[in-house]
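Reader: Can you walk me through this one? I'd like the sheets and the pockets.

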Amino acid sequence: MSPLAGGQIVIRKCVPMKPSKMCLLLCAMAATLLLAACRADKPAASHDTTSQSAGENAGIATPTEEIYLPPADKADTPANTVQNFYGWYLDAIKAALTGDRDNPLANGEVARSGYLTPMLMHRVNELVLKFDEQGFVGLDPLWCAGITPPDNFYLDGQFSNNGVPMLLMRTNLPQHAFVVYTQQTGNLWQISDIACAGTPEGVVNSFYLWYLSRLADQGPAALTNGDYRASGFLSAALMEQVDAQVSAGASGDDPFLLTTRTPQGFAATPAENTGGVVLLRLDFGDAGQELRIRLLQEGGFWKIDVIKLANQ
């Protein structure tokens, strides 16, 4: 293990994306990101360890000798890792828009930054290859948006979901939020997954991450101060219902958890063949509880509308 310029650390083994494929995809993503052109001068890194023939058959290049870790002073906590990565990435994209630099996904800067785990970098590589092969342009996989780059990113909640740090990121774009998962590598933290909030499941995950973060910081005031109205994830009808409960000073079960206990973790999964219905499993360590959550669309966005026990 040896230090790199800027405080980065490099260790061995990683897989690059095939330069020609990466270039084609990023040129397609250019329409989304308003880039005129791109070039993959240096391939991005990944974790795959398949053989050369298997890698070529899959359209992914064979392993090289390096994976990267982020600068130690910028990745000492999950929050620092996520905030520093998105600050850097936004600056890089803005510079690419003005033609001052290549797209950071195309030229391998994202991989070399070390902020993403090799597994996530590999999945991002596969995603952009899929975009290329199917001939369509998707959202930027790193921020779940694409037509107009946001002006900024900010952290709006953090919760340790059974020991896995989850962070809710927002931007200035309307109703734009996404969840970032992190994992620890030695004394450093890296981004291990990114989940968009544009689906019913994504909205439920985002809201409960937001709400449990507020409960951890504020206790009962997270409900009584009415901040849930500004979360952006609840329907007008549900907010009015909770308003009435709070105004009446009703004690008992939390209207969002349907219990007086605070869970240690949660997991949301779509209910089969039910459209906007999501099952939410709350984990209390010694027990669990499942909620059935119905969502509807208001103003073109999914909103949580009804919360019930799953057996009701």
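Author: Here is a short tour of sheets, helices and pockets.

Author: This is a predicted model, where local features need pLDDT of at least 70, side-chain atom pairs count only at pLDDT 80 or more, and totals for chains, interfaces and linings use all residues. Residues are numbered from 1 along each chain as its sequence is written, and side-chain values use heavy atoms, leaving out hydrogens and water.

Reader: What is the strand order in the sheet with S4?

Author: The order is S4-S5-S6-S7, in an open sheet of 4 strands with antiparallel pairing. Strand S4 (153–161) and strand S7 (188–196) are the edges; each has a single partner strand, so one side of each lacks a neighbour in the sheet. Strands here are DSSP runs of E, at least two residues, and helices are runs of H or I, at least four residues, numbered from the N terminus. Two strands pair if DSSP finds at least two bridges between them.

Reader: How many bridges join S5 and S6?

Author: S5 and strand S6 (residues 177–185) pair over 5 bridges, antiparallel. Met 166 has Tyr 181 in S6 as its bridge partner.

Reader: Which strands does H3 lie across?

Author: Helix H3 (residues 78–97) lies across S4, S5, S6 and S7, at about 70° to S7. H6 also packs on that sheet, touching S4, S5, S6 and S7, with its direction at about 80° to that of S4. Contact means heavy atoms within 4.5 Å. Angles run from 0 to 180 degrees between N-to-C directions, with axes fitted to C-alpha atoms, for helices over the stretch in contact.

Reader: And the sheet with S8?

Author: There, 4 strands form an open antiparallel sheet, S8-S9-S10-S11. H6 lies across S8, S9, S10 and S11, running at about 165° to S8.

Reader: Switching to pockets. What is the volume of the largest pocket?

Author: About 420 Å³. A pocket is an open set of points on a 1 Å grid over the protein atoms alone, where a 1.4 Å probe fits, with protein on both sides within 12 Å along at least five of seven lines; lining residues have an atom within 4 Å of a point. Volume is the space filled by probe spheres set on the points, which are joined across faces, edges and corners.

Reader: Which residues lie nearest its centre?

Author: Pro 174, Gln 175, His 176, Ala 177 and Phe 301, out of 21 lining the largest pocket. Strand S5 (164–171) and strand S11 (301–309) each supply at least two lining residues.
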